[in-house]
Structure formats: structure tokens, C-alpha cells
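Trainee: Let's go through this one piece by piece. I'll ask, you answer.

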Amino acid sequence: MNGGQIKLHEILADECHVLDQMQKAGGITERIRSLETEGRKDEARCLLSETVERLSRGENKVIYDEAGVPSVMVRIPALRCSELLEGRGSGFHPAFCGKNGVIREVWVSKYINCVVDGRAASLPMRFPQRVSTHEEAVSLCRAKGDNWLPMPFQLRMAIALWCRRQGFWPGGNNHGGHDFLHPEECGTSSEDGLTLTGSGPLKWSHNGRREGIWDLNGNLNEWDVGLRLMNGEIQIIEMEDLLVPDGDLSSKSALWHAFGVRGERLPAGDDHALCYAAAGGGIRLGKRAERDGVGNCAFWDIRAESGLEVPDALRLLGLFPPEGGNAKTTDWRWVNTQGERLPLSGGAYRALDHAGIFFTGMTKHRRENYTLAGVRCIYVDPLAVEEGSL
């Protein structure tokens, strides 16, 4: 899709369809059409932005990248650990911790991205773009300019933990246009199994509301940044480093670090780093790397090595299930403990009951072509990084 194919009045009409606000939009759609026809692009963009923000009560915003490509985004305010896991104090979740303070808000793509002029874009009622490699996903988001990047895994897990704490489990297109567990739920589908972004029922948004984030469960797996396995060793890049323009996310980056048994940060490759092992076909968290191939199980069934007390840091980052587990979903996990493996999250349109907000597969390498993948970008305004105590 190129910029000439993007019509701002059509974006508003489609967004009003998702928001169920067609009548309230009134003649604004036609006004934007007229402005576009007259070549008054800046006025059209302002009117689109003002209308979406007003109709969503400030929860959604149209943000334009450096090339002027619009994306409809959802505001996620900084979340405290106590909002996500019981008894975890009042500090902020790692997804909202910067070098010098708190990231007060993050704008997350409301929709799995399509591609416009070589840039990822969050637009309503579009078929999401298949993005076959991790490196392509990073390139499509960084092409938007500074402060744009693919969804960080730690942010995805903060949102997932928030959903769990609220008792809400978003459904989605994980069975050829339908939700496998609730086949009566469906979106507007195509022959290849994908559904239009935001076209499903309200249960397919992260908070059960029209202003929420759509399709975190199903449609396409989404490439995330900030997490990898290296020969089974769990390694992350901190949120503050992910936000550095052109920061090094490569396989040889010095930004990768591991975790110790108390949740402390260790250098990548440290002999005491926590690792996953493909134990008996399942997944076991332990203190030694074991190059034994592929393991998979429900997220809630990941186990710890005997005698290991799992640190809170891993639970907060969605790398080990919260205490008590959950029997309502499976949210499958896959690991490959050989070489570097990057995360694909959410599940795709044929994942069946294995898809979900905690679904993550870490079996693909960064240049591997995978046709069931897409991407979801985020944006952090530099002014949202507030200096001070965490």
C-alpha cells in the first residue's frame, strides 16, 4: 500500500465503524474528503486527529510518523507491579522504567499493522501485513522515525498481566476467522484466514471496549523486540535501551543481558544465568543451559527446576506463570534451546486453542521466513519520560 492509497476520510469512516460512532461523526467524514480534494492535507490531518480523540474520549490518538503516515494508537498509562501481580509492592513495571525515571505513557498500535510506503501503520478495517522476518519487522517500525519500534515483549506482558488481573481474556481470530473456543465470535475474513483489523466482537479487544487494543489473540503472530533465547538462556534488552534511536538490537549487541536466580541482571553467557530447557517435551526453568532442542506446553504449565525459587522479575516479564496459574486458557509456549531464537506472540489464525495473550513461540531465528507473522508498533513521546524516583 502506498501513501496515495491512504484516504484520511476513509480512515475516519472505518475508525467510526470500530468505535460504533457513525452517527456522531456526522458530516466530518465528508469535510475531510473535501479538504483532501482541495489539497489541504494539514487541515484534513488535524480534523481526523481531533475527531478520533474526541470520539474515543482521549483513549485513542492518531499519530503521524516522519513521513506523514497516520496510525491509530491506544494510550497505555504506566502500570505499577501491584496492579499486575498480587503483593508486588508499588514500583512500576519494567516496561515503564527509563534510565532516569518513569515512562508515564506508551502509545500502542490499536491494530496489527499494515504497511504504507515501507512503514508499519495501525489502521482500522485493513488486512494485516504478513512480515516474514524479525529484521523486517524492526525495519518497518524504525522507518517511521525516532521513538517508534515494534512491541517490546515486556510491554506486551504488562498488558497481558493487566488483562488477567481484570479477569478479562481477549479472544480473537485463531480458527480461520473465528475464535476456536467461541465459534460464534467472528470477524470479517478473507480466503487466507485473516480478518480485518478491529472487525471482530468487543471480546477481541484487550479491555472489551471499542477503544482497546485489538487482536492480541490470533490473526497473525507478532514479532516482539527486547527478548531472545540464546542456547536456552533467557536474555532481554531493557526498555530504556530499546527506546534509543538506532539502538543495537542485533544478535551481537552488548545490550543483551541475562537473569540470575534472584532476578538480578547478569552478563549474557554468565555461568549462573537462568535458562529454559526442553524437559520431557515441556519447558523447565533452571540454572543451566541444556542444548536439547524444542519444548512446548501451556504457559501455565512451565515448571521450575527443583529447589529454584522463581524471582518476581521473571513473573512480571511473563517468563514464568503467576502464582496460582490459570485454568481458563492454554496460551501455549514454545522454545528452541539451540542458537538464537526471537519471540512471536499472540498466535495466528490457525493456532486453535493454543493462541492467547500469553502465547509466545521462541523457535524462529531473526532471518527465518515465517508466513504467519506480523508486527505491531509502539510510540513513546520523549516528553512522556519523566525524570525522578521510580
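**Helix packing**

Mentor: Start with a helix pair: I28, R31, I32, L35 and E36 in α3 meet K41, E43, A44, L47, L48, T51 and R54 in α4. Contact here is heavy atoms within 4.5 Å. Helices (H or I, at least four residues) and strands (E, at least two) are DSSP runs, numbered from the N terminus. The model is predicted, with local features needing pLDDT of at least 70 and side-chain atom pairs pLDDT 80 or more, while totals for chains, interfaces and linings use all residues. Residues are numbered from 1 along each chain as its sequence is written, and side-chain values use heavy atoms, leaving out hydrogens and water.

Trainee: How do the residues in the contact of α3 with α4 divide?

Mentor: Six are nonpolar, one is polar and five are charged. Nonpolar covers Ala, Val, Leu, Ile, Met, Phe, Trp, Tyr, Cys and Pro, charged covers Asp, Glu, Lys and Arg, and the others, Gly among them, are polar.

Trainee: And at what angle do α3 and α4 pack?

Mentor: About 160 degrees, with the axes 8 Å apart. The axes are lines fitted to C-alpha atoms over the stretch in contact, and the angle, from 0 to 180 degrees, is between N-to-C directions. α3 and α4 are therefore roughly antiparallel. That label needs an angle over 145 degrees, with under 35 roughly parallel, 65 to 115 roughly perpendicular and the rest oblique. The crossing of α3 with α4 is left-handed; that is, the near helix is turned anticlockwise from the far one by less than a right angle, and clockwise would be right-handed.

Trainee: What about α1 against α3?

Mentor: α1 (residues 8–19) and α3 (residues 28–37) pack at about 165 degrees, and their axes are 8 Å apart. That makes this pair roughly antiparallel. The crossing of α1 and α3 is right-handed. From α1 the contact takes L8, H9, L12 and A13, and from α3 it takes I28, T29, I32, R33 and E36. By class, five of these residues are nonpolar, two polar and two charged.

Trainee: Then are α1 and α4 parallel or antiparallel?

Mentor: Roughly parallel. Their angle is about 5 degrees and their axes are 10 Å apart. L8, I11, L12, E15, C16 and L19 of α1 touch A44, R45, L48, T51, V52 and L55 of α4. That contact has nine nonpolar, one polar and two charged residues.

Trainee: Which residues of α1 are buried?

Mentor: L8, H9, I11, L12, E15, C16, V18 and L19. Buried means under 20% relative accessible area, exposed over 50%, and partly exposed in between (1.4 Å probe, protein chains only). Their cover includes α2 (22–25), α3, α4 (41–55), β1 (60–64) and β2 (70–77). Just after α1 comes D20, with a positive phi near 55 degrees.

Trainee: Change of helix. How many residues of α7 are buried?

Mentor: 11 of its 14. They are F153, Q154, L155, R156, M157, A158, I159, A160, L161, C163 and R164. The 14 residues of α7 (residues 153–166) should span 20 Å at 1.5 Å a residue, and the end C-alpha atoms are 20 Å apart, which agrees. The expected span is 1.5 Å times one less than the number of residues. G167 follows α7, and its phi is positive, near 75 degrees.

Trainee: On to loops. Where is M125 found?

Mentor: In the loop between β6 and α6. Its phi is near 55 degrees, positive although the residue is not glycine. At 16% relative accessibility, M125 counts as buried.

Trainee: What is R130 in contact with?

Mentor: Leaving aside neighbours within four places in sequence, R130 contacts D192, L194, L220, Y349, T371, L372 and A373. R130 sits in the loop between β6 (119–121) and α6 (134–142) and is partly exposed at 27% relative accessibility. Its C-alpha is 8.2 Å from that of C114, 16 residues apart in sequence.

Trainee: Where is the place of L352?

Mentor: In the loop between β18 (340–345) and β19 (360–364). Phi of L352 is positive too, near 60 degrees. With a relative accessible area of 32%, L352 is partly exposed.

Trainee: Last one: is S306 buried or exposed?

Mentor: Exposed, at 73% relative accessibility. S306 lies in the loop between β16 (303–304) and α9 (312–316).
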